[in-house]
Structure formats: structure tokens, C-alpha cells
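Welcome to a short tour of a protein chain. Keep the structure open beside you and turn it as you read.

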Amino acid sequence: MYNIVLASHGNFAQEMLRSAEMIMGELDGISVFGLHPGDSVDELREKMLDTAKELHETADLLFLCDIMGGSPFNISSILTQMFPGSALIYGASLPILIEAYSQRESMTAYEFVAYITENTSNYLGTFKGEQQ
């Protein structure tokens, strides 16, 4: 089992959670953080650390971030190393969040990362129109 921490630039994480709740109903065990223009990265780090400490008392942590290399990712990667059993996925999307939530009681965070990595084609795809 794992709790989910969503972290992104702007409102992406919050809106992704809202969209998931439109589909699945109210979701528990998910914490959301967004870094907005003018926000302090140090304050975000402290808030995420405090939440991670609290959430890790009851389960492992799965961090879902928007992009690799951004401040939300960098903070999440540090926290992943601090809390045993934690894992991080960047490039978060609505399908990945829905699947992560659906699997959170039946898998560990590590198992979910392996699962999603093996099944990426189920969560990322393309569609091409007719070529001219």
C-alpha cells in the first residue's frame, strides 16, 4: 500500500486530482502540491517534507510529478530517498494517477513503478490522421 503525493508547477497537480475525482469520486490518501510564480522553493520543500513524514507513518509513498528536473521533481526525488519504500514517477498524467489510485492497496510503490513501466503503452499513445 502507498499514499500518493502529486507535485507540479502551477495548478496542474490540483486539477489532475479534480479531474480524477470527476471520474472516480472522492479520493483519499492523496496530497497535492503546486509551485506557483513567486512561491518559495524552500517553503514548498518544508510543506512536502512535513506531509511526507505524516503520510509515511501509515504507508509507503508514491510521488507523481509533472517534469523531470523541475523544483517539484527535485524535492520529490530527495524525499523519495529519505523515506524507505518510496518511489517517484515523472511525466504524471490523468491515466497514471487513476491507475496509481486503483492499485494503491494491492501493490507497493516499487511494484507500481515496475507495473507502469512495463505497461506504458496503455497510458501513453498517439493517433495520426491520414497522411497526405
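Two residues are in contact, or touch, when they have heavy atoms within 4.5 Å of each other. With that in hand, look at Leu6: leaving out residues up to four places away in sequence, Leu6 touches Ala13, Met16, Leu17, Ile30, Ser31, Val32, Phe33, Leu64 and Leu97.

A few ground rules help here. This is a predicted model, in which local features need pLDDT of at least 70 and side-chain atom pairs count only at pLDDT 80 or more, while totals for chains, interfaces and linings use all residues. Residues are numbered from 1 along each chain as its sequence is written, and side-chain values use heavy atoms, with hydrogens and water left out.

**The overall fold**

The protein chain has five helices and four strands. Helices (H or I, at least four residues) and strands (E, at least two) are DSSP runs, numbered from the N terminus. Following the sequence, you meet them in the pattern β-α-β-α-β-α-β-α-α. The C-alpha trace spans about 55 × 40 × 30 Å along its principal axes. Among contacts between residues at least 6 apart in sequence, 73% join residues at least 24 apart.

How much of the chain is buried? Buried residues make up 43% of the 132 residues. Here buried means under 20% relative accessible area, exposed means over 50%, and partly exposed lies in between (1.4 Å probe, protein chains only).

**Two residues to compare**

| Residue | Place | Relative accessibility | C-alpha separation |
|---|---|---|---|
| Leu17 | helix 1 (residues 12-24) | 9%, buried | 8.3 Å to Leu6 |
| Thr58 | loop between helix 2 (41-56) and strand 3 | 63%, exposed | 12 Å to Ser86 |

Leu17 counts as buried because its relative accessibility is 9%. Which residues does Leu17 touch, not counting residues up to four places away in sequence? They are Leu6, Leu27, Ile30, Val32 and Leu97. Along the chain, Leu17 and Leu6 are eleven residues apart. Thr58 has a relative accessible area of 63%, so Thr58 is exposed. Thr58 and Ser86 are 28 residues apart along the chain.

**Helix 4 and the cores**

Now find helix 4 (residues 94-103), which is mostly covered, with seven of its ten residues buried. Those residues are Ile96, Leu97, Ile98, Glu99, Ala100, Tyr101 and Gln103. What do they pack against? Their partners are strand 1 (2-9), helix 1, strand 2 (30-35), strand 3 (60-65) and helix 5 (109-118).

A nonpolar core is a set of buried Ala, Val, Leu, Ile, Met, Phe, Trp, Tyr and Cys residues joined through side-chain atoms within 4.5 Å. The largest one has 24 residues, and Ile4, Leu6, Leu62, Leu64 and Phe112 touch the most other members. Strand 1, helix 1, strand 3, strand 4 (87-90), helix 4 and helix 5 each give two or more residues to this core. Helix 4 supplies the largest share, five residues. A second, separate core has 16 residues, including Val5, Ala7, Ala52 and Leu79.
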